[in-house]
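Colleague: Before I use this model, I should like to see how each descriptive term is justified. Please set every value against its definition.

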Amino acid sequence: MAINKKQLVDLISSNQDQLSHKDVELSVKAIFESMSDSLKNGDRIEIRGFGSFALRFRKSRTGRNPKSGESVNIQNRYVPHFKPGKDFRESVKDAGNKIVT
């Protein structure tokens, strides 16, 4: 199950009686905007115990359109990359055993 931003706000809001739903919503929005702005500026984001976000450079290459099979030139670009921290990796390492397909 994936969680979207609204569900995240609802989850945090239900666990925080001292904060209004609107305050939680504004906080989550501000955090995501700040993180996005930092990456746009070429900065790296590190959250101790959770992980780090950075941009990675991808060289141009020739790809294929999966629908038509036609060759397509893919330009140089930067893509966001997340590297989980040790504590986070340890906390979720056995989660795959609980997932039922």
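**Terms and their grounds**

Modeller: Let me begin with one pair: Thr62 stands opposite Asn73 in S4. The model is a predicted one, in which local features need pLDDT of at least 70 and side-chain atom pairs count only at pLDDT 80 or more, while totals for chains, interfaces and linings use all residues. Residues are numbered from 1 along each chain as its sequence is written, and side-chain values use heavy atoms, with hydrogens and water left out.

Colleague: What makes S3 and S4 a pair of strands?

Modeller: Two strands pair if DSSP finds at least two bridges between them. Strand S3 (residues 61–64) and strand S4 (residues 71–74) have 4 bridges in the antiparallel sense, so the criterion of at least two is met. Arg61 likewise stands opposite a residue of S4, namely Ile74. The two strands form a hairpin with 6 residues between them, and Gly69 in its turn has a positive phi of about 80°.

Colleague: Which strands does S2 pair with, and over how many bridges?

Modeller: Strand S2 (residues 51–58) is joined to strand S1 (residues 45–47) by 3 bridges, and these two run antiparallel. S2 also pairs with strand S5 (residues 77–84), over 8 bridges in the antiparallel sense. On the S5 side, Gly51 stands opposite Pro84. The S1 and S2 hairpin has 3 residues between its strands, and there Gly49 takes a positive phi near 85°.

Colleague: How many helices and strands does the protein have, and in what pattern?

Modeller: The protein has 3 helices and 5 strands, in the order α-α-β-β-β-β-β-α along the sequence. The elements are DSSP runs numbered from the N terminus: H or I over at least four residues for a helix, E over at least two for a strand.

Colleague: Why is the protein called more spread out than a compact globule?

Modeller: The radius of gyration, taken over C-alpha atoms, is set against a globule rule of 2.2 Å times the number of residues to the power 0.38. For 101 residues the rule gives 13 Å, whereas the protein has 19 Å, well over that value, so it is more spread out than a compact globule. The C-alpha atoms fill a box of roughly 55 × 40 × 30 Å along the principal axes.

Colleague: Why is Ser13 called buried?

Modeller: Buried means under 20% relative accessible area, exposed means over 50%, and partly exposed lies in between, with a 1.4 Å probe and protein chains only. Ser13 has 14%, so it counts as buried. Ser13 is found in helix H1 (residues 5–15). Leaving aside neighbours within four places in sequence, it is in contact (heavy atoms within 4.5 Å) with Ser20, His21 and Val24. Buried residues make up 13% of the 101 residues.

Colleague: Why does Ser60 count as partly exposed?

Modeller: Its relative accessibility is 41%, so it falls in the intermediate class. Ser60 lies in the loop between S2 and S3. Beyond four places in sequence, it is in contact with Ile74, Gln75 and Asn76. The C-alpha atoms of Ser60 and Gln75 are separated by 4.5 Å, with their positions 15 residues apart along the chain.

Colleague: What makes Phe88 partly exposed?

Modeller: A relative accessible area of 26% places Phe88 in that class. Phe88 lies in helix H3 (residues 86–92). Phe88 and Phe50 are 38 residues apart in sequence and 5.1 Å apart, C-alpha to C-alpha. With neighbours up to four places away set aside, Phe88 is in contact with Gly49, Phe50 and Phe82.

Colleague: Why is Glu46 called partly exposed?

Modeller: Glu46 has 41% relative accessibility and therefore counts as partly exposed. It lies in strand S1 and stands opposite Ser52 in S2. Not counting residues up to four places away, Glu46 touches Gly51 and Ser52.

Colleague: How far apart are the mean positions of the positive and negative charges?

Modeller: For the 19 positive and 12 negative charges, the mean positions are 11 Å apart. Lys and Arg count as positive, Asp and Glu as negative, and His and the chain ends are not counted. Each charge is placed at NZ of Lys, CZ of Arg, CG of Asp or CD of Glu.
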